[in-house]
Amino acid sequence: MSDVSDHGAPRASVFAGLRLTWTAGLAGAILLFWLVLALFGPWIAPHGEAEIISGTTFAPIGEGGLLGTDKLGRDVFSRLIYGVRTTMLLALITTLISFAFGVTLGFAAAILKGWFDVVISRIVEAFMAFPSTLLALVVIGAFGTSITVLVLTVGLVLSTGVFRVSRALGYDIGVMDFVEAARARGEGTWWILTREILPNSMAPLIAEFGLRFTFSILFLSGLSFLGLGVQEPAADWGLMVQENVGGLFLGSSAALIPAACIASLTVSMNLLVDWFQQRQQGETVLEKIDQ
Amino acid sequence: MTDVLTIKNLHVEGRPPGGDYVPIVKGVSLNVRKGEVLALIGESGSGKSTISLAAMGFARPGCRISRGEVWLNGRDIMALPPHDRHALRGDEVSYVAQSAAASFNPALRIGRQVIEAPLWHGAGDAATLTAAAVELYRKLDLPSPETVGEKFPHQVSGGQLQRLMAAMAMSCGPDLLILDEPTTALDVTTQIEVLKAFRDIIRDQGTAAIYVTHDLAVVAQVADRILVLKNGETVEEGPTNQILHAPRHDYTRTLMAAVRPAPHLVDHIDPAAAQAPVISVRNVTAGYGALTILSDVSVDVPAASVVGVIGESGCGKSTLARVVAGLTPLREGTVILDGKPAAPAVRDRPRAALKDCQIVFQMADTALNPRQRIGDILGRPLDFYQGLKGRERAERVAELLELVDLPRGFASRFPGELSGGQKQRVNLARALAADPKVILCDEVTSALDTVVAAGVIELLKSLKDKLGVAYMFISHDLSTVASFADEVVVLYAGRVVEKGPSKAVFSPPFHPYTKLLLSSVPEMRQGWLDGVADTSEARAASAASVVIGGTGCPFANRCALAISGTCDTTAPAVRDLPGDLQIACHLPVAELPVS
């Protein structure tokens, strides 16, 4: 059979194996752009995060700063650059938290089954029954608005979805013959989880990570917009929309620009996840054909 | 006679992930006349299914028909626009896939699915088409043809569903019928009824047919001409008689040599000298949830011997292996491994007990973790049971690979880089890594091509001689078991109906079910089907299906010799017959079926 050449692909050069579509390429470029800004923001930004550069509030694009000024006369361009840092970092941390909880509990439920699965699943379903924003509002309302509370709350709310996905994956992979073979050998739960199930669920989990990251950006921005997220004078895209929404009536674009940035980040992430999933599915379809 | 289908110089290419198009079919030409059955035979990867799909002008996703002409009823269908080509399918040409269970929509009634294609093509209204379908059901010998269309797919048996699939394909009155391995997934006893139904309906309607299969014995029953394929190229073509009896090409001879003779023609192995059993299954009852699969099963596997377990799908063969391995908990009875009673669940067994009894699964594709290298897959049991590490471990892995006739360098490969036969060898090597006393082989050759399977069987034999390992060899393939096993256990509906040395089991007197199994194995003799399908045994067997967990003898409803009032009410006791044979049947010894 010609198997050798077909499956040698993962070991070939990374870029040759990527097979980017143009949408995925564009999305990747946009994400890379934001990532560079997030990493080197303070050196790139012309002004400080909370520095008031002009007496004119809601100055139009080109006057005052590159993208105008906001309601206090701060540079929109500089705040955007500082904002991408906050937005992406918070989203990353919340997504990591949601995965730490969701994947651990989901796989544990799938492997241990029985009462553990029943109890955890019902609790998660109870949480899922609440609208997630409402749930976050209640928790943040009760514990106050600090970054720690914000990140933990959003992470836990998002982990319910991650739990369902990992539990389903764990159940699916847990009945495959190679897992049965490991069980028959006498392997313990930890080995089966980390060596047999986890490596084989990486692809769907990576896709899920991308989606949760997107959702987490939207969620955090939404909370910031409601005044429950990041607090001034720190810059966050959701917060910037909220601060400058009054300027819309004055013809200022100070609220629209961060909104567009949120859109560009989430849409790019989604496109990249789509491409990744299609690539995974495409491979399995083609593998079947090749037989 | 005129050609219904002519394929000229067909080239099909497929694209592996991330690669360029590679040829799958390289310049094959063929023709099928009206009323003729052409068989395409070859191993997997020979392009036989790809050619049969190309006959409809279709290529699977990722594949393309790069060159060649496909003439159907005097039209080059490759020159037609896609829409017109689509209109041909289910009208002039139709297709029967390997698995009927996967081809029927489980949520819709059968009748509606059977008439779907002609209705779509506007061949008539639902009422007339249903009447025509009922006529087809009758011709296909389906039970209660008037009402079978009202049922859902899960309510009929596998063999009936496959025949209904044929009804679906014939409902539009096609000129060309394509049958892609239509009986491969069926048990031998079911295969007979389906083969006969297919052949009769093709003759009756005068349809041209392409029959794709790897089973030469099946081909002998249905085909007029045979086209032998290898790696997408024609090896040999000729009338069935000539190919079977006077093959010209070496490759065809290799294929013929890999076919095992029917079980009653094999020189059976004499029973091995009595050895202490390494596995002793005593009166085991087991099942899943409320369902009881195995009832009161007792099997012994003596050291360094081969015990074959045979029976149709669903009879509990695999459950038996899983109970022995501790993967499925038993409800009653005991499993004794090497003289010591074993805990029912695998997690309660000590490592030494686990090491002695290893299991090899049927599907080599799914039995190896795709994310681990072969070296790690084989190395783990070495580490786990023997504590081997580093260089020592790598050396032993290389030895194991050589033991199963694979190059040492395979240790650095992933399972995806291996062929099916190679994967099955790795699968076996993993079991051998534990240095076991007995290996449970669950249908290890069933998913492999005949030539490859023959190689794996030879390997199993040589390992047994070299290492003195015993096998519990589970299979539905009687010929393989007959040529390989010292002792045989016949299971039916979760009960042992006959067991003993293979010589005694495969020679008279038989249990009626063993007799049915033996007579159902296709022989490479033209006309075999006509002889066997008309016996009272075959008719009784196809009239009903397996019932698990009933009262009386489980086989009573399909047995031509059943004594009413006895067999259907009382479970037969196991009787000892001369020659260490045990049979569970009410019939007096003198009335048990012979030859």
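Is C261 of chain A buried or exposed? Keep that one in mind for a moment, everyone, and hello. The structure I am showing today is a predicted model. As for the cysteine, C261(A) has a relative accessibility of 8%, and because buried means under 20%, C261(A) counts as buried.

Let's stay with chain A. Its secondary structure comes to 12 helices and 0 strands, so if you go looking for a sheet there, the count for strands is 0. Of the 291 residues in chain A, 45% are buried. Now take the contacts in this chain between residues at least 6 apart in sequence: 72% of them join residues that are at least 24 apart. On the outside, chain A exposes about 13800 Å², and carbon and sulfur atoms supply 71% of that area.

Over to chain B, and a sheet. Here we have an open sheet of 8 strands, in the order 16-17-18-13-19-20-22-21, with mixed pairing. Which strands stand at the edges? They are strand 16, residues 357-360, and strand 21, residues 574-577; each has a single partner strand, so one side of each is left without a neighbour in the sheet. On average, neighbouring strands in this sheet are turned by 20° against each other, ignoring direction.

A quick reminder for the newcomers: strands in a sheet pair through backbone hydrogen bonds, and they can do so in a parallel or an antiparallel way. For a parallel example, look at strand 13 (residues 306-310) and strand 18 (residues 470-475) of chain B, which pair over 5 bridges. If you want one pair to find on screen, V307(B) has M472(B) in strand 18 as its bridge partner. Lying across strands 13, 17 and 18 of chain B is helix 18, residues 450-467, which runs at about 160° to strand 18.

For an antiparallel example, go to strand 9 (residues 225-230) and strand 10 (residues 233-239) of chain B, joined by 6 bridges. There, V228(B) stands opposite E236(B). These two strands form a hairpin with 2 residues between them, and in the turn N231(B) has a positive phi of about 50°.

Next, helix 17 of chain B, residues 420-433. How does its length compare with what we expect? At 1.5 Å a residue, its 14 residues should span 20 Å, and the end C-alpha atoms are 20 Å apart, which agrees. As for its surroundings, 12 of those 14 residues are buried, so helix 17 is largely enclosed by the rest of the structure. Among the buried ones are G421(B), K423(B), R425(B) and L428(B). Just after the helix comes D435(B), with a positive phi near 55°.

For contrast, here is a residue in another helix of chain B: H245(B) sits in helix 10, residues 240-245. With 53% relative accessibility, H245(B) counts as exposed. The C-alpha atoms of H245(B) and M256(B) are separated by 9.5 Å, with the two residues 11 apart along the chain.

Let me finish where we began, with cysteines. A disulfide is a covalent bond between the sulfur atoms of two cysteines. How many disulfides does a search of the whole structure find? Over all chains, 0. Take C357(B) as a case: the closest cysteine sulfur is in C441(B), 11 Å away, and that is too far for a bond. C357(B) also counts as buried, because its relative accessibility is 9%. Thanks for listening!

Note on methods: Residues numbered from 1 in each chain as written. Chains lettered and ligands numbered in written order. Predicted model: local features only at pLDDT ≥ 70, side-chain atom pairs only at ≥ 80, totals over all residues. Heavy atoms only, no water. Pairing = 2+ DSSP bridges. Helix = DSSP H or I, 4+ residues; strand = E, 2+ residues; numbered from the N terminus. Axes fitted to C-alpha atoms, helices over the stretch in contact; angles between N-to-C directions. Contact = heavy atoms within 4.5 Å. Disulfide = S-S within 2.5 Å. Buried < 20%, exposed > 50% of the residue type's maximum accessible area, 1.4 Å probe, protein only. Expected span 1.5 Å × (residues − 1). Areas by Shrake-Rupley, 256 points an atom, 1.4 Å probe, with all protein chains shown as cover.
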